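Q: Please give a close account of one part of this model and then place it among the other contacts described.

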Amino acid sequence: MPHDILTLYSSKALEYGIAISFLVLFIPFWRFVMKPAPAPAAARVAERPRVPVAEAVEWFQFARDVGFHPGHAWARFGQGALATVGMDDFARQLVGSQASLELPPPGTTLVQGEPAWSLRNGDRQVAMLSPVDGVVTEVNPAVGSTVGSLGGDPFGTGWLMQVEVRRPAANERTLLSGDAARAWLQTTTDALRMRIAPDMGLVMQDGGTLVDGLARAIDEDNWDAVAREFLRS
Amino acid sequence: MRSPAATTALRPFITDKLFLGLSLRDYLRSLATPGSLTAIGILAIGIPVIIYRFVYGLGAATNLTQANPWGIWIGIDVLSGVALAAGGYTLATTVYIFGMRDYHSVVRPALLTGFLGYFFVVVGLLVDLGRPWNLPVPMLFSFGTTSVMFEVAWCVALYTLVLFLEFSPALFEWLGLEKWRERAMKLLLPATILGVILSTLHQSSLGALFLMVPTKLHPLWYSPFIPIFFFISSIIAGLSMVIVESNLAHKYFPSRIEPGHAGDLDRITLGLSRAASVVLFAYFFLKLQGLADAGAWHLIGTAYGAWYLVEMLGFVLAPCLLFAWAARTSNPTLARWTAALTVAGIVVNRLNVSVIAMNWNAPEVYVPSVMEIITTLTIITMGILVYRFIVNRMPILRLLPQYPDTH
Amino acid sequence: MKLTRRTFFKVTGAAGAASVASAAAARPAGAAGVAATPGADMRAMLIDTTKCIGCRACEAACSEANALPEPTQAGDTAVFDRRRPTSVQALTVVNKYPATTTAPERYIKTQCMHCVEPACASACLARAIEKTPAGPVVYHGDRCLGCRYCLVSCPFDVPKFDYDSNAPFVHKCTFCGERQAKGLEPACSSVCPTGAITFGTRAALIEEARQRIYAPDSQYVRHVYGEREAGGTSFLYISDRPLEQLGLPGHVPAYAYSALTQGALGAVPFIMTLWPPLLMGLYTFSQRRNAAAHGDHHAGDAPRHEEDRHA
């Protein structure tokens, strides 16, 4: 039609050129479009305030408004796709306050049930599993490099990170919450009790708080194996 | 003679189903809003205009001529109408075929918009056809199988039925026809696949209609790839229209929204924006291929070339980048406005192909008559009124409690 | 000769065109030397504008044969002051093109070109316009929907729509099909006093046109308009001025217009056949993926990504 054989060579070359430029540009474009955005500021603020719920299962704090992953990580879902993620009191006391905490930087993709952050003590480390699928958008600036910096409120001010969740509803369904979570924590606590021999003196004398760093107390040399057993990693 | 039982069954139907549980008087009073009155005003002028067109012929009502036989009734009512009703097949495929259930809350609105879109495309077509009473001829008696128009006619007719089928579960839920609903639900998957086939065919064939005008359509728009352009841009139109329509619905029918779904909308809007920006990106490069194939670079410098650049940069590339930016920065407001821009861009493209760049080298210039514009507005208004009637009654924007897993 | 280019799906179109060409070749050959002429045996007209004197006898005969009103301004040369297109009531029209510094004044009769493979007929969804084997392109008003796609498609702008009627028809030259069926010549050629219109078979008239334009002292432009335009037309024109100067459209492609859409139409059965298995495959895949996601949510088999929509 508009080309004869003499202009066809250059025209065809141009078409291939356009197609190849498209392929080259498509990669960064795709990455740009598909990478989840940092959560809107409004949503971020809305996540934070929380009324502390004073509830406990034996030695451990418990929260009704979060979903628990069997690996003792929790997630709290708010409006939209943003979830707050943290570790529960059980995990906190299990590894102890001197354990160092290595959180993933914002932008890291998390997969539910796969290692998300790690806890280190000495030369051994234990991973904790992510309760959700998504991308880390923010790490709690108030949390330092040790588990001790979580403070005494692991379900509130001690949250670890904000995650943009791909499928909030689907993730939320797979987590334990409410009475089911309570029952699970009770079972886990019972299992823990089985590991504690009465003569080990894990429970302090002053009315039942546990020693800091249960796993080390149970087995000093192989604390990481003990922790892994409970954290399912 | 009506039996007493029938009358007692009829009254709840009228008051509960039709009048939203109000008495006739309260119902009529509830309709007296500025929007309704504007709509009634448009219909009061528009319906007599349509009657006038049928009594006195197309010449009396339109500015159509022998050189410009197709005007805005084809460019807007039919070509743009079909493209913008593409949300039905796009979303049905996304949810029912690709299994992306998180988009389920916009499928029913998209299917309803699609069905009404096609229904009123057919209405617009009947107004535009010189001898609409001969519509059964190509369907039953005389098959013009070499004609793209024949394929379009069949596909549009069948797809309108398919859309009705896909939408009918909502209708049966409203009427409480349990068995019919179950039957319709069973047909959902085959209907969706048939819908994709028919849509692929006629969305592209509406472009293929213009393959026949190599000497009349401006070379910047004429391309052997025009069926592909029409098909790809229909996906863009469908996605953008679902964004526009669902956001308008949430704004104007807040009481009809499922309580938990209000927050979902932003997420869905951003997801659709991602898809639309990727398709627009590919569409932009395909259009460049068309330009290279036509070897029409030298025409960019002309007045038509400037207008072509407006379409390509202002209505294709700009929405592509804006959608991408909106998705990247989680800005649903930007996504909504971009969707509106994209919808406008689709209308511009269809008008360019069918009216503005058509017969570009002929001296005669077509400008639509007032009656043509009124008729187009009337048909759009009828579509909106029927949409409102249905959304206020049937489970479109929210599910009924007895059918929790409808989608 | 320009090389035409085909898009990937126009391959089927090319195949279609090839089969049409071979079908044409299989027909009995017409006059010697133009054996492969499409529509060789179809009735045709040769219009030699150098012989036309603008008497408009053809217009009058056409009106009479088709029971139309008398031509406007009959016998008045002022009618040539402006260019008239054919219309609902004037199926053939003679226009005058004044002399230029280099070319003499010429009259030209226009009407339906009766293409060998008409764009209008291939565009009509109800077969309201059909090509008859004898040559005429005929219109059946009782089938017509009035969609006006024939007007859009025709490269010569021939069909005219009766906008003033509320039950409109399309009007165009009939090539006097009924007269031809009775063994008569079409009205216009039968009354032409100067021999500007010659009626015959297409192959014979192309041969005749060539003899005239290639004659030793010929002033003709060496182009038989209609021999190749739009795949060949039954009305052929020769002149000593380029026919684009006499109001006939230039740059009409040399292929039959039906070939333009055969590629797109050829894709239809393929889409109908390929989409269902493809979509059912995707459906099965997504079902399985969702089942996996909902069934077991431990360790890693949850869906990692789902952004592959519409890519």
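A: Two strands pair if DSSP finds at least two bridges between them; helices (H or I, at least four residues) and strands (E, at least two) are DSSP runs, numbered from the N terminus. The model is predicted: local features need pLDDT (the predictor's confidence in each residue, from 0 to 100) of at least 70, side-chain atom pairs count only at 80 or more, and totals for chains, interfaces and linings use all residues. Residues are numbered from 1 along each chain as its sequence is written, and chains are lettered from A and ligands numbered from 1 in the order in which they are written.

The hairpin in chain A joins strand S8 (residues 115-121) to strand S9 (residues 124-129), which pair in the antiparallel sense over 6 bridges. A:Pro115 has A:Leu129 of S9(A) as its bridge partner. Between the strands lie 2 residues, and A:Gly122 takes a positive phi near 65 degrees in this hairpin.

Chain A also meets chain B: 22 residues of chain A are in contact (C-beta atoms, placed from the backbone, within 7 Å) with 20 residues of chain B. On the chain B side, helix H13 (264-294) and helix H14 (303-328) each supply at least two residues. H13(B) gives the most, with 12 residues.

Within chain B, the axes of helix H6 (residues 87-97) and helix H12 (residues 226-252) come within 8 Å and cross at roughly 85 degrees. The contact includes B:Tyr89 and B:Leu91 of H6(B), together with residues of H12(B), among them B:Ile235 and B:Met241.

Methods
Contact = placed C-beta atoms within 7 Å. Axes fitted to C-alpha atoms, helices over the stretch in contact; angles between N-to-C directions.
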